[in-house]
Every structure is written in structure tokens, then in C-alpha cells.
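Colleague: I'm new to this one and would like to go through the reasoning behind the labels. Could you show it to me first?

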Amino acid sequence: MIKLTTAVNKYYYYTVLTQLRFTKIVNILFIIQSVGLGLVKFALLQSIFLFSQLIFELPSGILGDLLNKKIVISAGLINLIISPISIYLTYYLSEIASFTTLIFAFILEGLGNALLSGADDAIFFETIRDEHQEKRYGKIRGNMQFISAIAMGVATLTGGMLYSINQIYPFLLQSLTFSLALLVISSISNQKVSQSKKDENLIQNLHNILGVFKLLIKSSNVFFLFIYSSIIAAVVNAFLGLLPEYTAKIGFTPTQNGGIFMLYSLIGGFIATQAYRLSSIKLHRLILIILSLLCVSLLFQVEGNKFLFLFGIGVIYIILDCNGNVTFLGK
């Protein structure tokens with residue numbers, strides 16, 4: 001067990017460690033260039049990852065009520081420890097075996113993300129509440145967004161640099177950071193919950209799930225928001241997943257790739273923390289601003305200069321990164 005003082009500090013440490021995704025931009029480079037799989041197969045793997053995360057999202061929430069949240073989070077972190085190593089090992093396998101192993105690794109990552117989703121925030125809220133700091137939780141969550149953006153930015157730069165030195169380093173380091181996150185979770189005291197409380201939480205969880213489906217059927221606004229959010233999530237993942245390979249094609253090294261995405265993450269994270277300021281803007285004006293920015297970015301992309309292309313792509317990246325925050329401003 002490790003001692004990390006307050007629950008708030010543990011929350012910050014855990015967030016940094018779980019956001020240090022060193023393989024974020026090198027996965028596609030490794031799978032296409034080193035393993036030898038095509039772009040279509042990588043896109044298929046990305047789809048498998050997203051579908052596995054979606055499928056396991058609901059069961060993971062129920063498991064969080066049936067079991068101790070600490071157990072569920074630990075299981076998710078173990079999956080995320082195994083996944084990067086499994087991806088790297090495909091370098092030594094045949095094409096058929098490597099693709100099968102990659103499917104397994106991407107499913108593991110989707111399952112791991114689903115097990116962490118919501119459960120980690122819930123357990124840290126409980127520990128923060130036990131230390132009588134729940135009134136600060138809103139501010140703490142705001143800090144988390146910026147900390148996450150910094151951690152992701154540093155990870156993309158570092159991952160690209162390490163990949164240039166030795167391909168195994170980003171995968172090993174990512175597994176190590178999730179192992180440290182597991183130690184942070186192990187330092188949290190078990191929350192004792194009675195069986196009757198567990199049953200009550202499970203019933204409430206099922207009621208909430210059914211309530212969401214009911215709202216989807218009855219409310220056109222909620223249904224539109226669901227479809228809109230799903231499309232944005234799909235576009236963002238496809239965009240982030242495939243872009244590093246293209247930037248490598250036009251002449252950027254893995255280290256430069258990492259620096260580019262670090263800059264995007266930092267700018268996007270800062271703007272995302274200020275998204276609440278857009279609540280005073282009328283919806284039609286907000287849509288007009290977004291469409292204007294998209295048009296400007298497209299103009300830069302048709303230019304032959306690769307740096308202008310990156311500027312245009314950066315505008316799109318930031319719009320997509322912030323769009324989820326804008327969606328829930330109550331417009």
C-alpha cells in the first residue's frame with residue numbers, strides 16, 4: 001500500500017497516470033509500418049475497440065453496484081496494463097496471429113475503459129466526501145480537465161520521442177503508468193456498503209438505464225442529442241486514430257508527431273475549460289461560428305504547404321475536442 005495524503009491528491013495522481021497514453025499516436029504507426037497491417041484493418045480494430053467499450057459500458061455500471069467499485073476499477077486497470085504489451089508482442093507474430101492478438105488487445109482496452117468509466121469518479125467522490133470536501137468537488141473537476149489535457153499532451157510528445165529511440169518504450173511505459181494507477185486505487189480504503197444498500201443501488205441503476213431508453217423514445221431532443229454525441233465520438237476517434245499515419249506520410253517524424261498532438265491537446269484542453277463562457281451565445285450564432293471555423297480550416301487543408309495543413313487540422317481537432325463540452329451547455 002502507498003500513502004498519498006488526501007483524497008484530492010490521489011484523484012489528481014490517478015488522473016495524470018491514466019491520461020498518460022504514450023501509445024496514443026504511435027499505435028497506428030506501429031501497426032501499419034512495423035506489424036505490416038493495412039489502414040483498413042487498423043480502422044476495423046478501432047471499430048472493435050469502440051464497440052467493445054460500448055457493449056461493456058452498461059454491464060460495468062451494474063458490476064459497480066454488485067461488487068466493490070475498487071475491484072471493478074482494478075480489473076479495468078489490469079486490462080489496460082495487459083493491452084499495450086499485447087499490441088507490441090504482435091511484432092514477433094505472423095500476420096494472422098498478430099491480427100488475432102490485436103483484436104484481443106483492442107477488446108481488452110475497450111473493456112478496461114468501460115470498467116473505469118464512472119466508477120473511478122464515483123469512488124473518488126466518495127473518498128472526497130468522507131474528508132468533508134464535497135463542496136470543492138466542482139472546482140476539483142474543473143482542474144481535472146486541464147490536468148488531463150496537460151498529461152495527454154506530455155504523453156503524446158514523450159511517446160513519439162520514445163518510439164523514435166525504441167519501439168517498445170511507449171508500450172512499456174504506458175503499462176507502467178497504469179500499474180502505478182493501480183497502486184493509487186489500492187491505497188483507497190474500502191467503502192463498506194450493506195447488502196440492502198447494494199440492492200438499492202442496483203435497482204436505481206437499472207431504473208436509470210431504463211429511464212434513458214424511455215427518454216430516447218419519447219423525447220426527440222434527447223434522441224437527437226444521443227445521435228449527435230455518438231457521431232461526434234465516432235468522428236473524434238476516427239480522426240485521432242488515423243491522422244498520425246497521414247502526418248507521418250507527409251514527412252513528420254514520430255517525435256514531431258508527438259509535439260504536434262501535444263500542442264493540439266494543450267490548446268484544446270484550455271479552450272474546453274472555458275467552454276462554459278459560450279453559454280451566453282445564441283445557438284444559431286454558435287453554429288455559425290463553428291461552421292466558419294470549419295470552412296477556414298478546409299481552405300488551409302487544400303493548400304500544398306504541410307504546415308498550413310497542420311494549422312487547418314488543428315482547428316478541426318480543437319473544435320471536435322471542445323464540441324462535447326459545448327453540447328451540454330443547455331442550449
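Colleague: What makes K41 and E95 a salt bridge?

Modeller: One thing up front: this is a predicted model. In K41 and E95, the closest N and O atoms are 3.1 Å apart. A salt bridge needs a side-chain nitrogen of Lys or Arg within 4 Å of a carboxyl oxygen of Asp or Glu, so the label applies. K41 lies in helix 3 (residues 39–66) and E95 in helix 5, so this pair ties together parts 54 residues apart in sequence.

Colleague: And are K41 and E95 buried or exposed?

Modeller: In between. Buried means under 20% relative accessible area and exposed means over 50%. K41 has 31%, so K41 is partly exposed. E95 has 48%, so E95 counts as partly exposed too.

Colleague: How many salt bridges turn up in the whole structure?

Modeller: Three, from a search of the whole structure. Another one joins E126 and K69, at 3.4 Å from N to O. That pair links distant parts of the chain, with E126 in helix 6 and K69 in helix 4, 57 residues apart.

Colleague: Why is E126 called buried?

Modeller: Because the relative accessible area of E126 is 17%, and the cut-off for buried is under 20%.

Colleague: What about E109 and R21: how do you know that they form a salt bridge?

Modeller: Their closest N and O atoms are 3.8 Å apart. The limit is within 4 Å, so E109 and R21 qualify. E109 lies in helix 5 (residues 95–116), while R21 sits in the loop between helix 1 (7–19) and helix 2, so the pair ties together parts 88 residues apart in sequence. As for E109, the relative accessibility is 14%, so E109 counts as buried.

Colleague: Let's talk about the helices. How many helices and strands are there in the protein?

Modeller: There are 13 helices and zero strands. From the N terminus on, the order of elements is simply α-α-α-α-α-α-α-α-α-α-α-α-α.

Colleague: Why are helix 4 and helix 6 called oblique to each other?

Modeller: Two packed helices are described by the angle between their axes and the distance between the axes. For helix 4 and helix 6 (residues 119–130), the angle is about 140 degrees and the axes are 9 Å apart. Roughly antiparallel would need over 145 degrees, and roughly perpendicular runs from 65 to 115. An angle of about 140 degrees fits neither, so helix 4 and helix 6 are oblique. Helix 4 passes helix 6 in a left-handed crossing.

Colleague: Then what makes helix 1 roughly antiparallel to helix 8?

Modeller: Helix 1 and helix 8 pack at about 160 degrees, with their axes 8 Å apart. The cut-off is over 145 degrees, so helix 1 is roughly antiparallel to helix 8. The crossing of helix 1 and helix 8 is left-handed.

Colleague: Now the surface. Which residues form a nonpolar patch there?

Modeller: I85, L89, Y91, Y92, I165, Y169 and L172, with about 710 Å² of accessible area together. Helix 4 (69–89) and helix 8 (168–186) are the elements that give two or more residues to the patch.

Colleague: Take L172: why is L172 called partly exposed?

Modeller: L172 is in helix 8. The relative accessibility of L172 is 41%, between the 20% and 50% cut-offs, so L172 counts as partly exposed. A patch residue needs over 30%, so L172 passes that limit as well.

Colleague: How much of the protein counts as buried?

Modeller: Of the 331 residues, 40% count as buried. G258 in helix 11 (residues 254–273) is one example. G258 has 0% relative accessibility, so buried is the right word under the 20% cut-off. G258 and V154 are 104 residues apart in sequence, with their C-alpha atoms 8.4 Å apart.

Colleague: And how do you know that I28 is buried?

Modeller: I28 has a relative accessible area of 1%, and buried means under 20%, so I28 is buried. I28 lies in helix 2 (residues 26–35). The C-alpha atoms of I28 and F42 are separated by 7.1 Å, and the two residues are 14 apart along the chain.

Colleague: Last one: what makes N113 buried?

Modeller: N113, in helix 5, has a relative accessible area of 13%, so N113 meets the under 20% rule. Between N113 and N79, the C-alpha to C-alpha distance is 8.7 Å, and they are 34 residues apart in sequence.

How values were computed:
Residues numbered from 1 in each chain as written. Predicted model: local features only at pLDDT ≥ 70, side-chain atom pairs only at ≥ 80, totals over all residues. Heavy atoms only, no water. Patch = residues over 30% accessible without salt bridge, like charges linked within 9 Å, V, L, I, M, F, W, Y side chains within 5 Å. Areas by Shrake-Rupley, 256 points an atom, 1.4 Å probe, with all protein chains shown as cover. Helix = DSSP H or I, 4+ residues; strand = E, 2+ residues; numbered from the N terminus. Buried < 20%, exposed > 50% of the residue type's maximum accessible area, 1.4 Å probe, protein only. Axes fitted to C-alpha atoms, helices over the stretch in contact; angles between N-to-C directions. Parallel < 35°, antiparallel > 145°, perpendicular 65-115°, else oblique. Left-handed = near helix turned anticlockwise from the far one by under 90°.
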